[in-house]
Amino acid sequence: SESQPAGPDGASGAGASPASGLFGNMFLPIMIGVLLLMVFTTMSSGRRQKKERAALMDSLGKHDRVQTSGGIIGTIMEMSDDSVVLRVDEASNTRIRFAKSAILQVHHSAGKGPSESVDAEEIIEEPVHA
């Protein structure tokens, strides 16, 4: 009968597996736990973003100053279930119809005062004194 060579710890190599020990026994449960955590985090953030988007769409009203996904800033003049008409130029009274889903944020709500976003026109830079 042939004998198996002994490993560095003195045990024969026949019964020992390379993945044995604490790490080998815990690897699969840890990986499953990490995977479940990633799936849960992704799902909960998706739900949160969907709720925030729905709240934004529900809060839109006439005369709100909004920004579209294309970067156009205008004032809502007309609204329907799936579209809005924005006045984008005060001087020429230029109006453009957009899908309601193109609105990204409200810069100024007509009935509720300024929102958290700041319009680029409202930012006044102070001169820097050296």
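How many residues lie between E1 and E2 in their hairpin, and which residue in the turn has a positive phi? The legends below describe close-up views of a predicted model, and the first of them takes up this question.

**Figure 1. The hairpin of strands E1 and E2 in the predicted model.** Strand E1 covers residues 65–68 and strand E2 covers residues 73–79. The hairpin that they form has 4 residues between the strands. In the turn, Gly71 adopts a positive phi of about 90 degrees. The two strands run antiparallel and are joined by 3 bridges. Within this pairing, Arg65 is placed opposite Thr75 of E2.

**Figure 2. Pairing of strand E1 with strand E5.** E1 also pairs with E5, in the antiparallel sense and over 4 bridges. Thr68 has Ile103 of E5 opposite to it.

**Figure 3. The largest nonpolar core.** This core comprises 10 residues, namely Leu56, Met57, Leu60, Val66, Ile76, Val84, Leu86, Phe98, Ile103 and Val106. At least two of its residues come from each of helix H1 (22–59), strand E3 (83–89) and strand E5 (103–109). In soluble globular proteins, nonpolar side chains tend to be buried together.

**Figure 4. Surroundings of the core residue Val66.** With neighbours within four places in sequence left aside, Val66 is in contact with several other members of the core, among them Leu60, Ile76, Leu86, Ile103 and Val106. The contacts of Val66 also include Ile72, Ile73, Gly74, Gln105 and His107.

**Figure 5. Positive phi at His63 and Asn93.** Most residues other than glycine have a negative phi. His63, in the loop between H1 and E1, nevertheless shows a positive phi near 70 degrees. Its relative accessibility is 46%, so His63 counts as partly exposed. Asn93 likewise has a positive phi, near 55 degrees, and is located in the loop between E3 and strand E4 (94–99). Asn93 counts as partly exposed because its relative accessibility is 39%.

**Figure 6. Contacts of Arg95 in strand E4.** Arg95 belongs to strand E4 and, with a relative accessibility of 39%, counts as partly exposed. Once neighbours within four places in sequence are left aside, its contacts are Met77, Glu78, Val85, Leu86 and Arg87. Met77 is 18 residues from Arg95 in sequence, while the C-alpha atoms of these two residues are 8.3 Å apart in space.

**Figure 7. The 2 salt bridges of the structure.** One salt bridge links the side chains of Glu52 and Arg48, with an N to O distance of 3.5 Å. Both residues lie in helix H1, 4 residues apart, which is about one turn of the helix. Glu52 has a relative accessibility of 46% and therefore counts as partly exposed; Arg48, at 45%, also counts as partly exposed. The other salt bridge brings together the side chains of Arg87 and Glu90, at 3.4 Å from N to O. Glu90 has a relative accessibility of 52%; the cut-off for exposed is over 50%, so Glu90 counts as exposed.

**Figure 8. Confidence of the prediction, with residues 114–128 in view.** The protein has a mean pLDDT of 77, and 66% of its residues reach 70 or more. Over residues 114–128 the pLDDT falls below 50. Beyond near neighbours in sequence, this stretch has 13 contacts in the model.

Note on methods
Residues are numbered from 1 along each chain as its sequence is written. This is a predicted model: local features need pLDDT of at least 70, side-chain atom pairs count only at pLDDT 80 or more; totals for chains, interfaces and linings use all residues. Side-chain values use heavy atoms; hydrogens and water are left out. pLDDT is the predictor's confidence in each residue, from 0 to 100. Contact means heavy atoms within 4.5 Å. A nonpolar core is a set of buried Ala, Val, Leu, Ile, Met, Phe, Trp, Tyr and Cys residues joined through side-chain atoms within 4.5 Å. Buried means under 20% relative accessible area, exposed over 50%, partly exposed in between (1.4 Å probe, protein chains only). Two strands pair if DSSP finds at least two bridges between them. A salt bridge is a side-chain nitrogen of Lys or Arg within 4 Å of a carboxyl oxygen of Asp or Glu.
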